[in-house]
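Please look through the sequence and the model below, and then follow the report, which starts from a single loop residue and works outward to the chain as a whole.

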Amino acid sequence: MTAATQTGTPEEGFTAVCVHCKRISAGAVVVGSIERASGPPLVQYACPDCAPKHGAEPTPYDVIH
Ligand SMILES: [Zn+2]
């Protein structure tokens with residue numbers, strides 16, 4: 001199994017592996033990124049359940065809730 005994490009912006013239908021519980025979530029939100037010496041930053045995502053614990057930044061998804 002390879003990591004589904006890629007650079008880019010979350011959008012509808014987007015799924016990513018939660019950095020906290022390692023589950024694939026359709027509602028993943030960006031919680032940060034890791035700068036790498038080579039290549040683009042590695043974006044980290046968290047599922048809606050874990051995002052608050054990871055200090056997720058406010059997103060439109062949160063605003064409408
Ligand atoms: Zn999670």
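Lys-22 lies in the loop between strand S1 (16–17) and strand S2 (24–25), where strands are DSSP runs of E with at least two residues, helices are DSSP runs of H or I with at least four, and both are numbered from the N terminus. This is a predicted model, in which local features need pLDDT of at least 70 and side-chain atom pairs count only at pLDDT 80 or more, while totals for chains, interfaces and linings use all residues. Residues are numbered from 1 along each chain as its sequence is written.

The phi of Lys-22 is near 65°, which is a positive value in a residue other than glycine. Most residues other than glycine have a negative phi. Lys-22 is also exposed, because 11 other C-beta atoms lie within 10 Å; a residue is called exposed if 12 or fewer other C-beta atoms lie within 10 Å of its own, buried if 20 or more do, and partly exposed in between, with the C-beta atoms placed from the backbone.

Two alanines give a contrasting picture. Ala-16 lies in strand S1, whereas Ala-51 lies in the loop between S4 and helix H1 (60–63). The table lists the neighbour count of each alanine, together with a residue that is distant in sequence and the C-alpha to C-alpha separation.

| Residue | C-beta atoms within 10 Å | Partner | Apart in sequence | Apart in space |
|---|---|---|---|---|
| Ala-16 | 23, buried | Tyr-45 | 29 residues | 6.5 Å |
| Ala-51 | 23, buried | His-20 | 31 residues | 8.6 Å |

Both alanines belong to the largest nonpolar core, which has 12 residues, including Val-17, Cys-18, Val-29, Tyr-45 and Cys-50. A nonpolar core is a set of buried Ala, Val, Leu, Ile, Met, Phe, Trp, Tyr and Cys residues joined through C-beta atoms within 7 Å. The elements that give two or more residues to this core are strand S1, strand S3 (29–34) and strand S4 (42–46).

Which residues does Cys-50 touch, not counting residues up to four places away in sequence? Cys-50 touches Cys-18, His-20 and Cys-21, a contact being a pair of residues whose C-beta atoms, placed from the backbone, lie within 7 Å.

For the protein chain as a whole, the secondary structure comes to 1 helix and 4 strands, and from the N terminus on the elements run β-β-β-β-α. Of its 65 residues, 18% count as buried, and among contacts between residues at least 6 apart in sequence, 36% join residues at least 24 apart.

Key: Contact = placed C-beta atoms within 7 Å.
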